[in-house]
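Open the model in your viewer and keep the selection tool at hand. The tour goes stop by stop, with something to select at each one.

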Amino acid sequence: MTSTDLSADAAVSTSAASVFIPAPVTPYQGDIARYWDGEARPVNLRLGDVDGLYHHHYGIGAVDRTALGDTDDSAYEKRLIAELHRLESAQAELLLDHLGPVERDDTLVDAGCGRGGSMVMAHQRFGCQVEGVTLSAKQADFANQRAHELGIEDHVHARVCNMLGTPFETGQIAASWNNESSMYVDLHDLFAEHSRILEVGGRYVTITGCWNPRYGQPSKWVSQINAHFECNIHSRREYLRAMADNRLVPQAVIDLTAATLPYWELRATSSLVTGIEEAFINSYKDGSFQYLLIAADRV
Ligand SMILES: C[S@@+](CC[C@H](N)C(=O)[O-])C[C@H]1O[C@@H](n2cnc3c(N)ncnc32)[C@H](O)[C@@H]1O
Ligand SMILES: CC(C)=CCC/C(C)=C/COP(=O)(O)OP(=O)(O)O
Ligand SMILES: [Mg+2]
């Protein structure tokens, strides 16, 4: 089955009972689909339960110590969870800030949409159509269920689909993004697909962790993060080169490393730690890893 066949089949496979789950294009994608189908970490579900926006990305911004209050207080953990969630939503807001002017009749694409938190936020901000793709049928069902509960299922829709071969028509998408999902794919293949679906003058945004060429090679912490998530973190240089090769011209490159450290330091003190906190904190601090937003124009 080619990736085009996969996309066409996936386009009609969204509701639970009659779901047709397309075979992954590669064995690796099968592993990633299984990984996210089986994921149920409290650090993600309990944060999402705060307001119904379920994220699989990290946070930015200063910790509000006043909101956190006294650590001895019995409700402290609940406030800490709300604070981590606020920082994760702030990250998604920053990504949306860089999509440019979006009209109600535009369509946006979330490549690697997870449980759909960013898609809901995008629709709530712009009133537009938002289409998400994920390898995980569980995530697509979850995102569609949330959209249904919110009464926005006509505007927010997730499907099981490879982001490297989507069913969207050429040049019809106003803006698209990857929020912490580009480390699962080849960047040339990824940006070729974004470039194909985006209209000329459209906007592409990614927030990602990337290894820093100034460090030399991926550090042991970066290797640990790759092993933990079964992903393949790219370097900053690879992002910029692959964009340039695919008619995506950076308009803004923002180093969010300092802005994400407070999130990690707070998360490391919580009961919801997963064991990966040390690798993020150490790699951000030793300069081997960076948290980056890149916004690019499709020219
Ligand atoms: C870390 S999660 C990020 C989810 C979401 N962007 C967010 O911010 O909450 C990574 C996502 O990338 C998706 N993904 C990885 N490789 C993919 C591929 N080839 N095609 C589509 N989705 C993919 C996974 O299914 C998962 O939903
Ligand atoms: C910045 C990098 C390298 C990200 C890798 C992709 C990833 C797994 C993001 C967070 O997902 P999650 O929210 O499910 O992870 P966690 O359970 O750690 O919160
Ligand atoms: Mg998380």
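**Stop 1: ligand 2.** Select the shell of residues around ligand 2 in this predicted model. Colour the shell by residue class: seven are nonpolar, five polar and two charged. The shell has 14 residues, and those that come nearest are Arg-41, His-56, Glu-180, Gly-209 and Phe-229. Two elements give two or more residues each: helix 3 (42-48) and helix 9 (220-229).

**Stop 2: Glu-180.** Stay with one of the nearest residues of ligand 2, Glu-180. Select the loop between strand 4 and helix 8, where Glu-180 has its place. Is Glu-180 buried or exposed? Glu-180 is buried: 22 other C-beta atoms lie within 10 Å. Look at the backbone too. Glu-180 has a positive phi, near 55°, though it is not a glycine.

**Stop 3: ligand 1.** Now select ligand 1 and the 24 residues around it. Gly-112, Gly-114, Asn-179, Ser-181 and Tyr-184 come nearest. How do the residues of this shell divide into nonpolar, polar and charged? There are 14 polar residues, nine nonpolar and one charged. Highlight helix 2 (27-37), helix 6 (117-126) and strand 2 (129-134), each of which supplies at least two residues of the shell. Helix 2 gives the most, with three residues.

**Stop 4: helix 6.** Keep helix 6 on screen, since it came up at ligand 1. Seven of its 10 residues are buried, so helix 6 is largely enclosed by the rest of the structure. Select the buried ones: Gly-117, Ser-118, Met-119, Val-120, Ala-122, His-123 and Phe-126. Then step just past the helix to Gly-127, which takes a positive phi of about 70°.

**Stop 5: the sheet.** Hide the helices and show the strands. Seven strands form an open sheet with mixed pairing. Trace them in the order 3-2-1-4-5-7-6. Which strands stand at the edges? They are strand 3 (156-160) and strand 6 (248-255). Each has a single partner strand, so one side of each is left without a neighbour in the sheet. On average, neighbouring strands are turned by 15° against each other, direction ignored.

**Stop 6: two strand pairs.** Strands of a sheet pair through backbone hydrogen bonds, either parallel or antiparallel. Start with strand 1 (residues 107-111) and strand 2, which run parallel and are joined by five bridges. Select Val-109 and find its bridge partner in strand 2, Glu-131. Next take strand 4 and strand 5, which pair in the parallel sense over six bridges. Here Ala-175 stands opposite Arg-203 in strand 5. Before leaving, colour strand 5 by burial: 11 of its 14 residues are buried, and the strand is mostly covered.

**Stop 7: helix 8.** Bring back helix 8 (residues 187-197). What does helix 8 lie across? Select strand 1, strand 4 (173-179), strand 5 (198-211), strand 6 and strand 7 (289-298). The helix runs at about 155° to strand 5.

**Stop 8: the segment after strand 7.** Select Val-299, found in the segment after strand 7. With 11 C-beta neighbours inside 10 Å, Val-299 counts as exposed. Leaving out residues up to four places away in sequence, Val-299 touches Val-200, Arg-247 and Val-249. Add Leu-198 to the selection: from C-alpha to C-alpha it lies 9.5 Å from Val-299, with their positions 101 residues apart in sequence.

**Stop 9: Arg-247.** Follow the contact from Val-299 to Arg-247. This residue is found in the loop between helix 10 (236-244) and strand 6. Arg-247 counts as partly exposed, with 18 C-beta neighbours inside 10 Å. Check its phi: the value is near 60°, positive in a residue other than glycine.

**Last stop: the whole protein.** Zoom out and show everything. The secondary structure comes to 12 helices and seven strands. The C-alpha atoms fill a box of roughly 55 × 45 × 40 Å along the principal axes. With 299 residues, a compact globule would have a radius of gyration near 19 Å, and the 18 Å of this protein agrees with that. Buried residues make up 42% of the 299 residues. Of the contacts with a separation of 6 or more, 78% join residues 24 or more positions apart.

Note on methods:
Residues numbered from 1 in each chain as written. Chains lettered and ligands numbered in written order. Predicted model: local features only at pLDDT ≥ 70, side-chain atom pairs only at ≥ 80, totals over all residues. Helix = DSSP H or I, 4+ residues; strand = E, 2+ residues; numbered from the N terminus. Rg over C-alpha atoms; globule rule 2.2 N^0.38 Å. Buried ≥ 20, exposed ≤ 12 C-beta atoms within 10 Å, placed from the backbone. Contact = placed C-beta atoms within 7 Å. Near = placed C-beta within 6 Å. Nonpolar A, V, L, I, M, F, W, Y, C, P; charged D, E, K, R; others polar. Pairing = 2+ DSSP bridges. Axes fitted to C-alpha atoms, helices over the stretch in contact; angles between N-to-C directions.
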